[in-house]
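This briefing looks at the cysteines and the nonpolar core of the structure shown below. Please keep the sequence at hand while reading.

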Amino acid sequence: WDIRSGAQTRMFKGHTSGILSACGIGAHNLVFTGGVDKKLCCWEMGTGQLLSVLKTGSQVQCVGVSPKGDRVAVGLHDGMIRLWCCAGMSEKG
């Protein structure tokens, strides 16, 4: 949404169920979303293009990004927290 006009500027389509969390990295122009469909999606903020989808195996309850913007933490419904490296979206232990 454009804050001044209230107009919608982008639509991000890719989840098949409700989105429960979203988090952006302005410096990298990325948005991460997660939800009921058990997916973590990475989007290009400027265009709304879906860059990658990771299947988490459980509903994504929350998404957070490290201060440097190089890691994404995901809190899952099954009680697990998973951490991914933003570059290449590989899971880190």
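Cys62 is partly exposed, with a relative accessible area of 40%, where partly exposed lies between buried, under 20% relative accessible area, and exposed, over 50% (1.4 Å probe, protein chains only). This is a predicted model, in which local features need pLDDT of at least 70 and side-chain atom pairs count only at pLDDT 80 or more, while totals for chains, interfaces and linings use all residues. Residues are numbered from 1 along each chain as its sequence is written, and side-chain values use heavy atoms, with hydrogens and water left out.

**Surroundings of Cys62**
- Cys62 belongs to strand β5, strands being DSSP runs of E with at least two residues, numbered from the N terminus.
- Leaving aside residues up to four places away in sequence, Cys62 touches Ser21, Ala73, Val74 and Gly75, a contact being heavy atoms within 4.5 Å.
- Between the C-alpha atoms of Cys62 and Leu76, which are 14 residues apart along the chain, the separation is 7.2 Å.

**Cysteines and disulfides**
- With a disulfide taken as a pair of cysteine sulfur atoms within 2.5 Å, the count comes to 0 disulfides.
- The sulfur of Cys41 does not form such a bond because the closest cysteine sulfur, in Cys42, is 8.9 Å away, which is too far.
- Cys41 is buried at a relative accessible area of 0%, and Cys85 is also buried, at 13%.

**Nonpolar core**
- The largest nonpolar core, a set of buried Ala, Val, Leu, Ile, Met, Phe, Trp, Tyr and Cys residues joined through side-chain atoms within 4.5 Å, has 14 residues, and those with the most contacts inside it are Phe32, Leu40, Val63, Val72 and Val74.
- Two or more residues of this core come from each of β1 (19-25), β2 (30-35), β3 (39-44), β5 (60-65) and β6 (71-76), and β6 gives the most, with 3 residues.

Definitions and conventions: Helices (H or I, at least four residues) and strands (E, at least two) are DSSP runs, numbered from the N terminus.
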